[in-house]
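Welcome! Have a look at the structure below, and then let us walk through two parts of it together.

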Amino acid sequence: MTEPKDATAHTVETQRRFREQSPMDWDDRTDHDNATRGFVAGPSSPTIAGPSGRPAWDLSAYAFLAGAEPPPTVNPSLWRQARLNMEAGLFTIADRIHQLRGFDLSEITLIEGDTGFIVIDPLVSIEPAAAAMALAREHLGDKPVTAVIYTHSHIDHFGGVKGVTTVDDVESGRCRVIAPVGMVEAAVSENVFAGTAMSRRAQFMYGATLDKGPRGQVDAGLGKTNSLGTVTFIPPTETITETGTVLTVDGIEIEFQLTPGTEAPAEMNFHFPQFRALCMAENCSHNLHNLYTPRGAQVRDALAWAKYMDESIVRWEGRVDLVFTSHHWPVWGAGESMAYLATQRDLYKFLHDQTLRHANHGLTMAECAEEVELPAEIAGQWCNRPYYGTVNHNVKAVYQRYLGWFSGNPAELHPLPPEPAAVKYVEYMGGAAAVLERARADFAAGEYRWVAEVLNRVVFAAGAAGSDPATAEARELLADTYEQLGYQAESGPWRNFYLVGAAELRHGGAAEGGAEAAALDLVMAVPVPMLLDALALRLDPGVCAGQRLALNLVFTDLRERHCLWVANSVLHHRNGVHLDDADATVTLTKPELLMAVGGLGVSEGITVEGDAGAVPRLAGWLDGFDPNFAIVTP
Ligand SMILES: [Zn+2]
């Protein structure tokens, strides 16, 4: 087996030139000063135990980041960010405002209320959230959590909620849970329909299966990586439905601004007038964020994002001395705070406007992405660097949002899919050995993007079983190529995609340990109609063509009635009604439906009245998904 290799001379030179030619001030210590300002205490241990033996969190794996000088296998700008994201512990950022950073991908902000703590964004999973709260209580006193605020609908901002409060405290009213309108719907729906594909791609994006190290995973840009603990959910008790809403929470006044359709479908910023402090949720961060998430997701609206940022400036300018967010470090100072919002606003607006300017000149998606380049005034700001999103893939996101996948060129309207196209390409290019010979020369010349393009064709032309020497060599050289592209990438997710690709080419298939913990709380919050939609997308027309079936459903735990029917190879369902001519009436619980949707079979607890064969017949028409489907090979 081939282990990760060193940087080539070409990559060493590329890193050197990057540093020399990039518009940032490498001597500027502001981010370092801000990331360490107000430090109270570090975590009691760099390791936090997880539910299944493996650690939920392990900062000690990143000890290699101690050196200021980047190794040639890591982009120097990403190295700088990876080091900043190592500043972990409890930080007091203002009177009565504290942050717990470096316990997870995201962070907790604690506000000291009159009687207890207000927790903003309780991390991905409960183990890191509980460890963070223990550190806070050690230094700030053993006070109860009187409120939890979810800034938005992403899992790294609510999954650890049961590590900071309990269902009992929430139900009894001792702890308020406040979220933007639409948060629950957005949170539960994000991973339901395309969940299997997204999880597999997320293994690439976060590099969970990679070793940490100068030749492996170094950072995710937004933070080190996702924690691997127990994911939980407690629905909000109050939702913010209007911008300008003011609440008094544990004696603290908070003014809210809704920002739907920005970084998340449901998100909000909020201001603390008495502290002159502003929480920008994840609408601001110390990196260029994703308009498109490479693990796969619906694209975001860059224009709305920029407009809401400007609304924040209009609303709060002159009333802010401190901006904090849900990732990275705060920004202090009235002028600095507004400059931070303004430059990030300009970043997203520039990407939006310039993509469409080029598209209206007739450039295609790939051409726009190559052409749009941030001006030095924007690119020179460290907080705008592409550690998470990149200019390249975000421009493609803007193009996709307005114009979709098709370039307009009929050659691209109906091309052959990857495998048969690869067979033809390799044949036209004189066979695998001929391609390899030229690819080796281009690899030596550092033409990695092109080498990836052609060797991927050779690997796909050989088919899944391809094992001849030329194909094996092509896989090896393609892995080496992805590796150098990963080493050069300034974006953590891009680096991870390339390095996981290299590892899977070398070792074959998906590695163990990449899967994220299932969030039962979250799945249980998915409404039945959405679960039936999810069931419908498992229907295999290859086995049910021409067949019909109808079921009435009675949920004993929810006291809900639904019906579903299959005809014309389509599964439909209706809420609250039963069909007169159903084949059977099925009495079940929501967990039993979840089992069926998850491909775990039909529970014995289900009772069927009518045609006893109807349920097994439907089960036989449902497809199963391989969570480790191939990506870098056919
Ligand atoms: Zn986040």
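**Helix 12 and the zinc site**

Helix 12 (residues 391–403) has 13 residues, which at 1.5 Å a residue should span 18 Å, and this agrees with its end C-alpha atoms, 18 Å apart. The expected span is 1.5 Å times one less than the number of residues, and helices here are DSSP runs of H or I with at least four residues, strands runs of E with at least two, numbered from the N terminus. This is a predicted model, where local features need pLDDT of at least 70 and side-chain atom pairs count only at pLDDT 80 or more, while totals for chains, interfaces and linings use all residues. Residues are numbered from 1 along each chain as its sequence is written, and side-chain values use heavy atoms, leaving out hydrogens and water.

**Around helix 12**

- Among the buried residues of helix 12 are Val391, His393, Val395 and Tyr399; buried means under 20% relative accessible area (1.4 Å probe, protein chains only).
- Their cover includes helix 8 (302–316), helix 9 (334–360), helix 10 (365–371) and helix 17 (492–507), with contact meaning heavy atoms within 4.5 Å.
- Gly404, just after helix 12, has a positive phi of about 80 degrees.

**The zinc ion**

- Which protein residues are donors of the zinc ion? They are Asp156 (OD), His157 (NE2), Glu282 (OE) and His327 (NE2), 2.0 to 2.1 Å from the ion. Donors are N, O and S atoms within 2.8 Å of the metal (3.2 Å for Na, K and Ca); water is not among the atoms, so sites may look incomplete.
- Asp156 and Glu282 link distant parts of the chain, 126 residues apart.
- Asp156 is buried, with a relative accessible area of 8%, and Glu282 is buried at 2%.

Conventions. Buried means under 20% relative accessible area, exposed over 50%, partly exposed in between (1.4 Å probe, protein chains only).
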